[in-house]
Amino acid sequence: MKRARCSHSAFCRWRQKANVEQGLEASLENALAHWLYHDEVWSRGNPMAKGEILRAIARVRHALVLFGGIVPRKATAQLREQLAEAEAVLTEAGKDPSALFSIAAVSAKLALTEWLVSRSWRAFLNENAQKKIAGSFKRFADIQLSRAAAELKNAFQQTLGDDYDGQLPRLARDIDCIQLLAGAYADAAASWLENWLEVRRAIEHKDRSVIEYFRRQALAAEPFWLHSGKR
């Protein structure tokens, strides 16, 4: 069976018959590709790429959480520690691209690559987890999409006034998860997700004038995935 395919674009594209393990691999490959691409952009003199590298590292963490019900935390402990060290070094580096070649940044990329190539998670899976990871990724994705949407609805159901900044980490995680999961529905997913992306942009830029509009639009959108036996 062929694995799911991802580029450094926003949505992972995966085949209908992909299993959960292939979805995990594709999700991490997506984040790593985004990281490596923007490494090159920053090294060529564009410091704006640093923000995208930090987003890529966050996306790796979010993917590990997304599959955390199957892959136990002890399987990812060392990798998560190295990602945190790389993130700290890059955050403190300012606009200096030499941080790309720091021990922390290089080690984290190598660790992620090795973890992927060797499928290191397999050694930590019990019999039940092995069955789950061999199951349908689309079924897994539909369940997780419903959970992410419910979390967003719960967090943003009411206007938050001056407290929107506190929801940015949750919003970023759920946006990442939806982009990693929604490859089979990419066209419909893009329009559904756009309102949440606008909410994030408005919060990041403290543009209170449009937050409420996009919040209401996002909450009103119909699910694009298979949910509760529908669609």
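Arginine 44 sits in the loop that runs between helix α1 (20–43) and helix α2 (49–66), and in this predicted model the residue counts as exposed, because its relative accessibility is 67%. Computed along the chain, arginine 44 and isoleucine 57 stand 13 residues apart, while their C-alpha atoms lie 20 Å from each other in space.

A second loop, the one between α2 and α3 (73–92), holds isoleucine 70. Isoleucine 70 has a relative accessible area of 10% and is therefore buried, since buried means a value under 20%. Leaving aside residues up to four places away in sequence, isoleucine 70 touches Val20, Leu125, Ala129, Lys132, Ile133 and Phe140. Isoleucine 70 and phenylalanine 124 are 54 residues apart in sequence, yet from C-alpha to C-alpha the gap between them is 9.7 Å.

Two further loop residues can be read together through their backbone angles. Arginine 119 is found in the loop between α4 (103–117) and α5 (127–133), and its phi is near 50 degrees, which is a positive value in a residue other than glycine. Lysine 206 has its place in the loop between α8 and α9, and there too phi is positive in a residue other than glycine, with a value near 55 degrees. As background, most residues other than glycine have a negative phi. Arginine 119 is partly exposed, with a relative accessible area of 27%, whereas lysine 206 counts as exposed because its relative accessibility is 52% and the cut-off for exposed is over 50%.

Glutamate 127 belongs to helix α5, and at 58% relative accessibility this glutamate counts as exposed. Between the C-alpha atoms of glutamate 127 and arginine 13 there is a separation of 28 Å, and along the chain the two residues are 114 residues apart.

The residue pairs described so far, together with one that involves valine 199, are set out below.

| Residue pair | Separation in sequence | C-alpha to C-alpha distance |
|---|---|---|
| Arginine 44 and isoleucine 57 | 13 residues | 20 Å |
| Isoleucine 70 and phenylalanine 124 | 54 residues | 9.7 Å |
| Glutamate 127 and arginine 13 | 114 residues | 28 Å |
| Valine 199 and glycine 23 | 176 residues | 27 Å |

Valine 199 itself lies in helix α8, and with a relative accessibility of 0% it counts as buried. Not counting residues up to four places away in sequence, the residues that valine 199 touches are Phe156, Leu171, Phe214 and Arg215.

Phe214 and Arg215 are also among the buried residues of helix α9, a group that is completed by Ile211, Glu212 and Ala218. These buried residues of α9 pack against α6 (137–156) and α8 (186–204). Helix α9 covers residues 208–220, which makes 13 residues, and from its first C-alpha to its last it reaches 19 Å, close to the 18 Å expected at 1.5 Å a residue.

The helices α6, α8 and α9 come together again in the second largest pocket, where each of them supplies at least two residues of the lining. The space in this second largest pocket amounts to about 300 Å³. The pocket is lined by 15 residues, of which Ala149, Lys153, Ala221, Pro223 and Trp225 are the closest to its centre. Helix α6 gives the largest share of this lining, with five residues. By kind, the lining of the second largest pocket consists of ten nonpolar, three polar and two charged residues.

On a wider scale, the protein chain is divided into two parts, domain 1 (20–130) and domain 2 (136–220). The contact between them draws twelve residues from domain 1 and 13 residues from domain 2. Taken over C-alpha atoms, the centres of domain 1 and domain 2 are separated by 22 Å.

Technical notes: Residues are numbered from 1 along each chain as its sequence is written. This is a predicted model: local features need pLDDT of at least 70, side-chain atom pairs count only at pLDDT 80 or more; totals for chains, interfaces and linings use all residues. Side-chain values use heavy atoms; hydrogens and water are left out. Helices (H or I, at least four residues) and strands (E, at least two) are DSSP runs, numbered from the N terminus. The expected span of a helix is 1.5 Å times one less than its number of residues. Buried means under 20% relative accessible area, exposed over 50%, partly exposed in between (1.4 Å probe, protein chains only). Contact means heavy atoms within 4.5 Å. On a 1 Å grid over the protein atoms alone, a cavity is a set of points where a 1.4 Å probe fits but cannot get out, and a pocket is an open set with protein on both sides within 12 Å along at least five of seven lines; lining residues have an atom within 4 Å of a point. Grid points are joined across faces, edges and corners, and a volume is the space filled by probe spheres set on the points. Ala, Val, Leu, Ile, Met, Phe, Trp, Tyr, Cys and Pro count as nonpolar, Asp, Glu, Lys and Arg as charged, and the others, Gly among them, as polar. Domain bounds come from an automatic or database domain assignment.
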